[in-house]
Amino acid sequence: MPHFIIDCSANVLTQVSEPEILTAVFDASIASGLFIEEDIKVRVNPYVRYEVGGKKTDFIHVFRYILAGRTEEQKADLSQRVVKTLIGLFPAIDFIASSVDEFTKAGYCNRHLLRH
């Protein structure tokens, strides 16, 4: 935990390499001070078929799924860090966004939690 999922137009990966994008989002997340490095998971989903405003326009949206308990200010800071980082990598892409979704500890389970 947390999970950062980067949805983007496939063309984005021709402009900057996938490893560079993953590292940039990972580093921005670490810089927030909210997470332990070993817990962060970052993935990319490039789309070949998509529309933005009825056109085939490049886009990037980072969806973050984190455990509840962060302040509104911390979540806003996290989103802004990631968007600013991506704007630095992709200054020509107008559609760059980020969102934070929280879930409760009670509703979360993984393999390691089952061992207890």
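In this predicted model, Cys8 is buried, with a relative accessible area of 1%, whereas Cys109 is partly exposed, with a relative accessible area of 49%. The disulfide count comes to zero, where a disulfide would need a pair of cysteine sulfur atoms within 2.5 Å.

How far the prediction can be trusted is a matter of its confidence values. The mean pLDDT of the protein is 94, and 99% of its residues reach 70 or more. Confidence is highest in strand S2, at a mean of 98, and lowest in helix H4, which covers residues 111–114, at a mean of 84.

We can now turn to the sheet. Four strands form an open sheet, and a reader who crosses it from one edge meets them in the order S2-S1-S3-S4, with mixed pairing. Because S2 and strand S4 (95–103) each have a single partner strand, they stand at the edges, and one side of each is left without a neighbour in the sheet. From one strand to the next, the twist averages 15°. Strands of a sheet pair through backbone hydrogen bonds, and they may do this in a parallel or an antiparallel way. For S1 and S3 the sense is antiparallel, and their pairing extends over six bridges. Asp7 can serve as a landmark here, since this residue stands opposite His61 in S3.

The helices come next. Helix H2 lies across S1, S2 and S3, and it runs at about 135° to S2. Helix H3 also packs on the sheet, where it touches S1, S3 and S4, and its direction makes about 150° with that of S4.

Which residues have the most contacts inside the largest nonpolar core? This core has 23 residues, and those with the most contacts inside it are Phe4, Ile6, Val25, Ile60, Val62, Leu86 and Phe90. Two or more residues of the core come from each of the following elements: strand S1 (3–9), helix H2 (18–31), strand S2 (41–47), strand S3 (59–67) and helix H3 (72–89). H3 gives the most, with four residues.

Phe90 offers a closer view of this core, as it is among the residues with the most contacts there. When its neighbours within four places in sequence are left aside, Phe90 is in contact with Val12, Gln15, Val16, Ile21, Ile60 and Ile96. One of these partners, Ile60, is itself listed among the core residues with the most contacts.

Note on methods
Residues numbered from 1 in each chain as written. Predicted model: local features only at pLDDT ≥ 70, side-chain atom pairs only at ≥ 80, totals over all residues. Heavy atoms only, no water. Core = buried A, V, L, I, M, F, W, Y, C linked by side-chain atoms within 4.5 Å. Buried < 20%, exposed > 50% of the residue type's maximum accessible area, 1.4 Å probe, protein only. Contact = heavy atoms within 4.5 Å. pLDDT = per-residue confidence, 0-100. Pairing = 2+ DSSP bridges. Axes fitted to C-alpha atoms, helices over the stretch in contact; angles between N-to-C directions.
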